[in-house]
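Please look over the model below before reading my comments, which take up one helix, one arginine and a few aromatic rings in turn.

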Amino acid sequence: MSIVDKAGQHPAPPIAISYDRIARALHWLIAVLAVVVVSLGLAIPEAPRNTQSRDLLLLMHRSVGLTILVAMVVRLVWRLGHPPPPLPPGFPRPLAWFAGANHRCLYLAFLLMPIAGYINAAAAGHSVSFFGLFTIPPLLPENERLSQIAIALHLAGQFFVYAFVAAHVAAALMHRFIRRDEILDRMLPARPAKRN
């Protein structure tokens, strides 16, 4: 027997509560910056060494990477005081576990990748310019081995980022087109309420 409301209509399924405005803004900012930083990183090897074009690509790649680091720290601090909205009732536990694990991996990757990039530069004795506005000096003693380890981790780490992001996007599309639930809408910009 189906439940009918006072107006004689079947009630709509429960709508998932959305993330707050700041969490959504930080999510999409980091998503856009991630696309930019990856594009710049892929372009660096194609630019000839000791040229202005390569120097500009490195400057932009490092600057965007540091921006991601700052945005991730802000997002982490914000999340500590503003926990994510609860999942809808009856949400499958395996999917909830997978989502939580993937989110933690993404947080870790987007924090560690820029740190590894900075360690690579600092341990090589290079300061890092932030969009030409100011310079972060090398805060580590010069150490060629440490620099090489950091860049190796940075280069290998990109493939983990690709995998985590691909899983994240695939899950969002699965919720939208296969499960047809409201999970993706929790992170989309808020839509104005319809007026009758």
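**Notes on helix α4 and its surroundings**

1. The buried residues of α4 (buried meaning under 20% relative accessible area, exposed over 50% and partly exposed in between, with a 1.4 Å probe and protein chains only) are Ser147, Ala150, His154, Gly157, Gln158, Val161 and His175. They pack against α1 (21–43), α2 (52–81) and α3 (93–123), contact being heavy atoms within 4.5 Å; helices here are DSSP runs (H or I) of at least four residues, numbered from the N terminus.

2. This is a predicted model, in which local features need pLDDT of at least 70 and side-chain atom pairs count only at pLDDT 80 or more, whereas totals for chains, interfaces and linings use all residues. Residues are numbered from 1 along each chain as its sequence is written, and side-chain values use heavy atoms, with hydrogens and water left out.

3. Arginine 186, in the segment after α4 (144–177), is buried yet has no salt bridge, that is, no side-chain nitrogen of Lys or Arg within 4 Å of a carboxyl oxygen of Asp or Glu. The nearest side chain of opposite charge, aspartate 181, is 8.3 Å away. The arginine 186 side chain does reach the backbone oxygen of proline 85 at 3.2 Å and that of proline 86 at 3.1 Å.

4. Within helix α4, phenylalanine 159 and tyrosine 162 are 3 residues apart, and therefore separated by about one helical turn. Phenylalanine 159 counts as exposed because its relative accessibility is 54%, while tyrosine 162, at 31%, is partly exposed.

Technical notes
Helix = DSSP H or I, 4+ residues; strand = E, 2+ residues; numbered from the N terminus. Lys, Arg positive; Asp, Glu negative; His and termini not counted. Polar contact = N/O pair within 3.5 Å; in protein donor to acceptor, adjacent residues only side chain to side chain.
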